[in-house]
Amino acid sequence: MCGIFCVFNYQGDVEKYRHRALEMSKRIRHRGPDWSGCVVADNSIICHERLAIVGVDTGAQPLTNEDETIILTVNGEIYNHNMLERQLVQPAKFKTRSDCEVILHAYSEIGTDVCAKLDGMFSWALVDRRTTQPRLVAARDPIGITTLYIGRVSAHPETVYVASELKSLNEECDQIDEFPPGHFFDSKDGKFHRYFKPDWWTPERIPTAPVDYRALRESLTAAVRKRLMAEVPYGVLLSGGLDSSLISSIAVREAARISANAQSDVEDIDTRSARYFPRMHSFSVGLPGAPDLLAARKVAKFLKTAHHEFTYTVQEGLDAISDVIYHLETYDVTTVRASTPMYLLSRRIRSTGVKMVLSGEGSDEVFGGYLYFHYAPSPEEFHKETVNRVHNLHTSDCLRANKSTMAWGLEARVPFLDKEFLQVAMNVRPEDKLCSKDIMEKAIIRRAFDINCPEAGFTPEEIATGPYLPDDVLWRQKEQFSDGVGYSWIDSLKESAAARVSDEAMAAAKERFPHDTPDTKEAYLYRELFEQHFPQSACLASVVRWVPRTDWGCSADPSGRAQKIHDNAY
C-alpha cells in the first residue's frame with residue numbers, strides 16, 4: 001500500500017500551489033517511504049508516496065496512459081490484475097509491472113465499471129482529461145480496508161481534495177468526510193455511487209442456507225493464497241488466537257505449495273513471492289508473560305515459522321499513545337487500546353526488512369466472535385449485528401490494521417475480508433453461527449479447519465497432511481487483542497487516564513466536548529490528545545466509537561474481559 005493525495009480543479013495558480021500540495025502529500029510519506037511522485041495536469045495535482053511491494057523496480061506513480069490524458073494514483077493491491085489484463089479488448093502498452101496499472105487501461109475501456117471488477121484492497125484517484133471538461137473519478141475498496149478521505153473548501157466548492165489520511169487535508173479543507181467504502185465518486189455529477197452490491201449487504205435479509213464447511217475452508221484458503229502476491233519479504237501477525245493462527249497455518253501451507261510448483265501461465269493471481277521467500281516469518285507482541293505471547297510461541301513451533309517475539313513495557317505503551325492517536329486519526333477507546341501494541345510491533349517488524357504481513361481482522365465481525373454476541377436475543381438479531389459490524393469495519397479494525405502498520409511503511413493484508421470469502425460466510429444461516437455457554441464463538445470456522453470434525457468434509461488425503469492447528473489453539477476462547485497482549489495493559493491505561501484527567505475536568509466534559517461527549521476519563525484523555533493534533537471541527541466527522549450492544553445487556557466497556565462470559569472476566 002501507499003499514500004495518495006490529489007487536488008482536482010484547483011482555483012488559482014496551480015504551479016504555485018504545487019509546493020503546498022507536495023507539503024500535504026509529505027505528511028503521509030510514512031505510508032510510502034520508497035519514492036514520491038507528482039503530476040500537474042491542467043488545474044489538478046496528483047501525488048503519490050510509494051511503498052514498493054509489487055513491480056518494485058518499475059512501479060513508480062502516478063501512472064499515465066501513453067498520451068497522458070489519464071492520470072492515476074493508487075494505494076492498494078489488485079490481486080486479479082493478470083486476469084483483468086487478459087480481458088482488455090484493445091492491446092495496452094504497460095509502462096510498469098505494477099498490479100495497479102491495469103486499472104488505468106481497464107478504465108479507458110469500460111469507465112467506472114472497472115470498480116466492481118477489481119479484486120483487492122484499494123483507494124485511488126484518477127483524472128480523465130480526454131474531454132473538454134476534465135473528470136475526477138475516485139474509488140475505495142468494498143469494505144474499506146484501505147483508508148481514504150475527501151475534502152472541500154467552502155469558498156471553492158468546485159475543488160475536490162482526496163487523500164489517504166486526514167492529516168493531508170485538515171489544514172486545507174473546512175469540510176472533510178471519510179470516503180464511503182464500496183463507492184466511487186464522479187465529478188461529472190458530484191456524487192458517490194455504490195458499486196459493491198452483494199446480496200448479503202442488507203441486514204434485514206436473513207440467509208437460510210446451512211453452513212458448507214468445505215466451501216468456507218476453500219474460499220478462505222484461496223483468499224490467503226492470492227494475498228501472497230509480493231516481491232519483498234513478508235510474514236504473518238501471530239497473536240496465538242484463532243484468527244491469526246488460522247491465517248498463519250494456511251499461509252505456511254500455501255507458500256509451501258507455491259514453492260514446490262511452478263505457477264501456471266493461466267493462474268489469475270500472482271504468486272511469485274512464495275518462491276522468492278519460502279520461509280514464513282511470524283511476529284507477536286505483548287507485555288512480558290502475556291497470554292498472546294505464550295500462545296503464539298506454541299503456534300509458531302507447530303507451524304515451524306521463523307518466529308519473532310517482541311515485548312514492550314507499560315510505560316513504553318503509554319508514551320506512544322499520543323503518536324498512535326496522531327496516526328490513527330481517531331479517539332475511539334477500543335481502537336486506541338488495540339492499536340498501540342500493533343503500532344509498536346509494526347516498527348519492530350519494519351526494522352527486520354519485512355514490508356508485508358497477513359493479519360486476521362474481520363473474522364469476529366463475520367462470525368459473531370466478540371463475546372457480547374453470546375447475548376444476542378435471537379438468530380435474526382445475531383445476523384443483523386454481524387452485517388452491521390462488517391459495514392462499520394472501516395471505522396475500527398480496518399482503520400487500526402491499516403494505519404497502525406502504515407505508520408511505519410508496513411502493509412497488512414486481511415484474507416477474512418476477501419469479497420469471495422464474504423459471499424460464502426455471510427450467506428450462512430445465523431442458527432449455525434450462534435454461540436452459547438455450550439457452543440464456543442466462531443464454532444463454524446473452527447470446525448471447517450478441524451480434521452477431526454466429520455461434517456468438515458476432509459478427504460483422506462487432506463487428513464493425512466495433519467491438523468491445521470493444535471486443538472487447544474483451534475478452540476481457544478476469543479481474546480480481544482488489547483486484552484491478549486497482557487491483562488494489565490488496559491488496567492494501566494485506565495489508571496493513567498485517572499491520574500491525568502481530574503474529577504473537575506470530567507464533570508465539565510459536556511461543556512468541553514459538546515459533540516460526542518466522552519463518558520470515561522480514558523475516553524476524555526484520548527479526545528483531548530486527538531484535538532491537540534486535529535483541532536479543526538471538520539476532523540470530527542469521520543470518527544466513530546466502537547461499543548458493544550448495551551441493549552443486549554452487555555457492558556459498555558469494549559474489553560472482552562468486561563463480558564461475564566470471559567474466563568477471566570473482571
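Begin by selecting P62, which sits in the loop between β3 and β4, the latter covering residues 63-64. This is a predicted model, and in it the peptide bond leading from Q61 to P62 is cis, with omega near 0°. As a general background, most residues other than glycine have a negative phi, and most peptide bonds are trans.

Keep Q61 selected and add C2, L51, V54 and G76, because these five are the closest to the centre of the second largest cavity among the 16 residues that line that cavity. Its volume is about 100 Å³, and the structure as a whole holds eight cavities of 30 Å³ or more. Two elements give two or more residues to the lining of the second largest cavity, namely β3 (44-50) and β5 (70-78), and β5 provides the largest share, three residues. Coloured by class, the lining of this cavity shows eight nonpolar, five polar and three charged residues.

Now select E68, which lies in the loop between β4 and β5. Although E68 is not a glycine, its phi is positive, at about 60°, and E68 is partly exposed, with a relative accessible area of 45%. For a second residue of this kind, go to N9, in the loop between β1 (3-8) and α1 (14-26). N9 is not a glycine either, and has a positive phi of about 65°, but N9 counts as buried, at 16% relative accessibility.

The next stop is the nonpolar interior. The largest nonpolar core has 88 residues, and the members that touch the most others are W124, I143, L220, F367 and I445. Helix α6, residues 242-260, gives the most to this core, with seven residues. If you centre the view on W124 and leave aside its neighbours within four places in sequence, you will find W124 in contact with residues including I4, L72, T73, V74 and I103; V114, C115 and L118 are also among its contacts, as are V137, A138 and A139. A second, separate core of 64 residues can be located by selecting C47, Y149, L399 and L540, which are among its members. In soluble globular proteins, nonpolar side chains tend to be buried together.

Turn then to the charged pairs, of which the structure holds 45 that form salt bridges. Select R227 and D418, whose closest N and O atoms are 3.0 Å apart in one such bridge. R227 lies in the loop between α5 (213-226) and β13 (234-237), while D418 lies in the loop between β17 (411-413) and α14 (419-425), so the pair ties together parts that are 191 residues apart in sequence. R227 is buried, with a relative accessible area of 2%, and D418 is buried too, with 1%.

Move on to K403 and E329, which form a salt bridge with the closest N and O atoms 2.6 Å apart. Since K403 belongs to helix α13 (residues 397-406) and E329 to the loop between α9 (314-328) and α10 (333-351), this pair ties together parts that are 74 residues apart in sequence. Both K403 and E329 are buried.

Finally, select R549 and D551, whose side chains meet in a salt bridge at 2.8 Å, N to O. Is D551 buried or exposed? At 56% relative accessibility, D551 counts as exposed. To end the tour, select R20, E23, R27, E171 and E172 together, and you will see one network, joined by salt bridges that share partners.

Terms used:
Residues numbered from 1 in each chain as written. Predicted model: local features only at pLDDT ≥ 70, side-chain atom pairs only at ≥ 80, totals over all residues. Heavy atoms only, no water. Core = buried A, V, L, I, M, F, W, Y, C linked by side-chain atoms within 4.5 Å. Buried < 20%, exposed > 50% of the residue type's maximum accessible area, 1.4 Å probe, protein only. Helix = DSSP H or I, 4+ residues; strand = E, 2+ residues; numbered from the N terminus. Contact = heavy atoms within 4.5 Å. 1 Å grid on protein atoms, 1.4 Å probe; cavity = no way out; pocket = protein on both sides within 12 Å on 5 of 7 lines; lining within 4 Å. Points joined across faces, edges and corners; volume = space filled by probe spheres on them. Nonpolar A, V, L, I, M, F, W, Y, C, P; charged D, E, K, R; others polar. Salt bridge = Lys/Arg side-chain N within 4 Å of Asp/Glu carboxyl O.
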